[in-house]
Amino acid sequence: MNGPITYLDHAATTALRPEVAEAMASVHERALGNPTGSHPPAQRARALLEDARDEVAAFLGRDPGEIVFTSGGTEAANLAVLGPAEAALRTRGEAVVLVSAVEHPAVRESAKAAGQMGVDVRELPVDRAGLIDLDALDRTLSSRCTVVAVMTANNETGVIQPLADVVASVRRRAPAASVFTDAVQAAPFVDLAGVAAGVDMVGLSAHKFGGPVGTGALAVSSRVTLSPRLYGGGQERERRSGTPDVASAVGMAAALQLVTKDRAAASIRVSELRDRLAEGLLAVVPWAHRTVPAGVPVLPGHLHLCLAGVDREELLVALGGEGICVSGGSSCASGALEPSHVLAAMGVDRGLAVGALRFSLGYDTTDEDVDRAIAVVPGVAAALRRTV
Amino acid sequence: MRVLVAMSGGVDSSVAAALLVGQGHEVVGATLKLWGGESDSGCCSVADVEDARRVAQQLGIDHHVFNLTEDFDRHVVTPYVGEHAVGRTPNPCIECNRTMKFDRLLHRSERLGFDRLATGHHARVAQIPGGPHSLRRGVDDAKDQSYVLSMLGQSELARVFFPVGEITKNEVRAHARRLGLRTATKPDSQDVCFIGSAEGRQGFLAGRLDLHAGDVVDAAGNPAGTVEAVELVTVGQRRGMGHGGDGKRRYVTHVDVTARRVTVGGADAVARSSVFLPGDSVTWVDGSLTGAAVRAVAQVSAHGRPIPCTVDADDERGGLAIRFETAQRPVAPGQTVALYDADDPDAVIGAGVAA
C-alpha cells in the first residue's frame, strides 16, 4: 500500500481537483442555509445552487430548468429509466423500455426492475465493435416505446455510440419515446452539447471528471413526463425530493468549467498518451489483443485489451502490488469481478474475456505514467500467463 | 514469508490471518466468491465478504475477492447433484477443499508469488527436519477438521499453514476479542455453504434433479412403506424408516435408485465390517501402502468417532479394503474415509472415498 502509484483507472473515479475542493470549501465559509428557506443564508444557498445549475446547463447546451441534481450517475440512470416507465404505466397502462446490450449496470438493473413492474423491456444488440445495431433498433422501435437507453460511451471499452443516428431513428419510428443517454463516462472528453443535443435525457456523474463523489445530474427535456423516485419536499420541480447538496453542486459546476476549458487540448494529449501506451504494450506482448477493432470511435483515455492465457483477477493483484492501477471490469456486490456482459454482447470469446484489462487515462496522466506501465505490465503479465 | 490467507469471514480464518501478521509474515487476505446464489449459511455471502474485508483492514493487510463461481459450479455443485442422482452421498466441503482451496487457490497463490497459503482450518502441519510433511488433528478435539483435509499430500502440505490448529476454539475467540476483530463473536457457519437453511438439501436438489418417490421393502421383498425421494436416502439411514414387525428399529441396507427401491433391515442386517475404497479415490499423505495389512484408525464423518481398523490392498478390485475391528453402520457410497496412524492417532495417513 506504500510505493509509487501509477493511476490508470480514471474511468472508475478521478481525483478531486484542487480548484473544486477550494470552491466547495468556500461554500461553507459563510452561513449556508437550506435553499428552500427565505432568510439570507437560504437565499445564498439558493443562489449558489442556481449558479451551479446554470453551469451544468451550459455544459450540456440545455435550459437550466431541465437540470435535476442527483446523488450521482446511478441515481440519474434510475430516474431516467424508471421515471418515464412508471409514469407511462400509470397513465397508459403499459410501457416499453429499450436498452442497449452494453449499458452500465445502473441502467441495466433499472431496466430489470422495470421489467418486474410489468414494463416490457427489450435488449438492443450490438455488433462486434460494441456499436448499437441500428437496423435492429429500427425494427424494434414502435409507437409503444417509452424510453430508449443508449449510453454515449461505454465504461469498459470506451466505444462511442452513434447517438445522432439513434435519435433520428427514434424520432422516426417512436415519436413519443424519450431517448436517454448515460453520458457518465463520456463527460470528460465528449462535447455533449453537440453530441447529445437531440437527446431527451442525459446522465452525469461528478466524480468522473474531478468533482466530488455522491453528486450528479440528469438533464430532462420538458417533453418527458416522469415519476420521481424520491418523494418528499418536492425539490427540483417535483422531480427529485431531498435538500439539494449545494456544496457538491458547486463542486460539480467548478469541475465542469475546468473540463470545458481544457477539453480539446486534453483529448489530444490523452489520446496520444493512450496510443503510446497501446503501441508500447502490444509491441512486447504479442498475445495481448485490442478488444475494440481499429477504426471504431473510442474515448481518448480508454485502452481495452484481452490478454490470452492470463486471469485478470491475478493480473490485477500483481499489478496492484506494483502500484499500477487499472481495472478488469464490473464488480458484483461482494467486490468480486463479474463476467463482462459488455464483452459477451460483443461476442468476445469467453476464454479471452477472462484476460480483460482496462486502462483509462485522464487529464492529469503523464508520460511517466505511460513509461512505467510499459516497463512493468508486460513482465507481470508474462509471469502469470498459462500457455496450457 | 509471503502468505495468502483464505478468509471466509469467520472467526477462525480471521484469527489465522492475525496470528500470521503477528508472526511477522507479509500477509494478504483473499475471500473466495464461490456461490452466486442466496446463502444464509454464514459463509460466502456478501455480508461475510464484508466481514473478511473489514478484519483485513483492521489487521492492516490487503484484501481481494476472487470470483471462482464457475469452477465451483463445475467441480463442486454439479458433481454434488450428479452424485445424488445415482444414489451416492457426496461431501461437497471435501470436494471444495480438494478442487478449489488446495488446487485452484493454491496454484493461484503460487503464481502470485506467495510462499504459503493459509486457512482457518483446525488442523496441524508438521515436518521432521529434512523429512516428509505430516498432517495432524488440531489441538482442539471437538473442532478438529483433519477429516476434511485428509486428501492432501506432500505437495500441498509443503505449501500450507493452518495457524489456528495449534490453539483451541476458545483461544481463537479470546484472541479475536483481544484484537477487537469484528468477527470475534460471529457464530460458526453450519452446513453446506450453497444450501440455504430454509430450502435444505431436499429443496436444493429438488430444483436441480428429478426426485422420485420409492418403495421401501424388507429383506424378503415385502412392502414396508414409501419414501418421498429415493435419491436422498442414504445406506445405513435410520431416520424415517420406522420399526420392523419385531418392534426393532429399521435401517436402510440398500438403495436402488433406478428401481426406485429402498431395502431395510434390522441393526444386525445393516452392520458392516468393511468398506472398499477404489484406487482412484485414494490419496496418501506420504508414500503408499505396501506389503502386509496395516493397522490404522478410520474416521468416516466430519466429527465421527475414530474406529480401529486394518487397511489392506484389494488387488482384485483395485483399491483398499478397510476392515473395521467392530461392525459399523455402512459408510454411504460417496463418503470419505480418513485414515489415521494406529500408533499416532492424531496423524493422518491417507483417505479414500467409499464405493
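# Worked exercises on a two-chain model

B:V252 stands opposite B:V264 in β11(B). The model is predicted, with ipTM 0.86 and pTM 0.90. Chain B averages a pLDDT of 92, and 97% of the residues score at least 70.

## Exercise 1. The four-stranded sheet of chain B

Task: place the pair B:V252 and B:V264 in its sheet, and find which strands stand at the edges.

Solution.
- Step 1. Take the two strands. β10(B) pairs with β11 (residues 261–265) of chain B in the antiparallel sense, over five bridges.
- Step 2. Write the order. The sheet is open, has four strands and runs β9-β8-β11-β10 in chain B. Its pairing is mixed.
- Step 3. Read off the edges. β9 (223–227) and β10 (251–256) of chain B each have a single partner strand, so one side of each has no neighbour in the sheet.
- Step 4. Add the twist. Neighbouring strands here are turned by 30° against each other on average, direction ignored.

## Exercise 2. The five-stranded sheet of chain B

Task: give the strand order and the edges, then say which strands helix α1 of chain B touches.

Solution.
- Step 1. This open sheet of five strands follows β3-β2-β1-β4-β7 in chain B, with parallel pairing.
- Step 2. Find the edges. β3 (62–67) and β7 (160–161) of chain B stand there; each has a single partner strand, so one side of each is left without a neighbour in the sheet.
- Step 3. Place the helix. Helix α1 (residues 11–22) of chain B packs on the sheet and touches β1, β2 (26–33), β4 and β7 of chain B. Its direction makes about 165° with that of β1(B).
- Step 4. Look at one strand pair. β1 (residues 2–6) and β4 (residues 116–118) of chain B run parallel and are joined by three bridges. B:V3 has B:R116 in β4(B) as its bridge partner.

## Exercise 3. The contact between the chains

Task: how many residues does each chain bring to the contact, and which helix of chain A gives the most?

Solution.
- Step 1. Count both sides. Chain A brings 12 residues and chain B brings 11 residues.
- Step 2. Find the leading element on the side of chain A. Helix α9 (residues 312–321) of chain A gives the most, with four residues.
- Step 3. Sort that side by class. The side of chain A that touches chain B has seven nonpolar, two polar and three charged residues.

## Exercise 4. The fold of chain A

Task: compare the radius of gyration of chain A with that of a compact globule.

Solution.
- Step 1. List the elements. Chain A has 12 helices and 12 strands.
- Step 2. Set the expectation. For 388 residues, a compact globule would have a radius of gyration near 21 Å.
- Step 3. Compare. Chain A has 21 Å, which agrees.
- Step 4. Add the box. The C-alpha atoms of chain A fill roughly 65 × 55 × 35 Å along the principal axes.
- Step 5. Check burial and contacts. Of the 388 residues of chain A, 52% count as buried. Among contacts in chain A with a separation of 6 or more, 72% join residues 24 or more positions apart.

## Exercise 5. The setting of A:A11

Task: is A:A11 buried or exposed?

Solution.
- Step 1. Locate the residue. A:A11 lies in the loop between β1 (6–7) and α1 (18–27) of chain A.
- Step 2. Count neighbours. A:A11 has 26 C-beta neighbours inside 10 Å.
- Step 3. Apply the cut-off. Buried needs 20 or more, so A:A11 counts as buried.
- Step 4. Name the contacts. Leaving aside neighbours within four places in sequence, A:A11 is in contact with A:N155, A:Q185, A:H302, A:S327, A:R358 and A:S360.
- Step 5. Set sequence against space. A:A11 and A:V259 are 248 residues apart in sequence and 15 Å apart in space, C-alpha to C-alpha.

Note on methods. Residues numbered from 1 in each chain as written. Chains lettered and ligands numbered in written order. Predicted model: local features only at pLDDT ≥ 70, side-chain atom pairs only at ≥ 80, totals over all residues. Pairing = 2+ DSSP bridges. Contact = placed C-beta atoms within 7 Å. Axes fitted to C-alpha atoms, helices over the stretch in contact; angles between N-to-C directions. pLDDT = per-residue confidence, 0-100. Nonpolar A, V, L, I, M, F, W, Y, C, P; charged D, E, K, R; others polar. Rg over C-alpha atoms; globule rule 2.2 N^0.38 Å. Buried ≥ 20, exposed ≤ 12 C-beta atoms within 10 Å, placed from the backbone.
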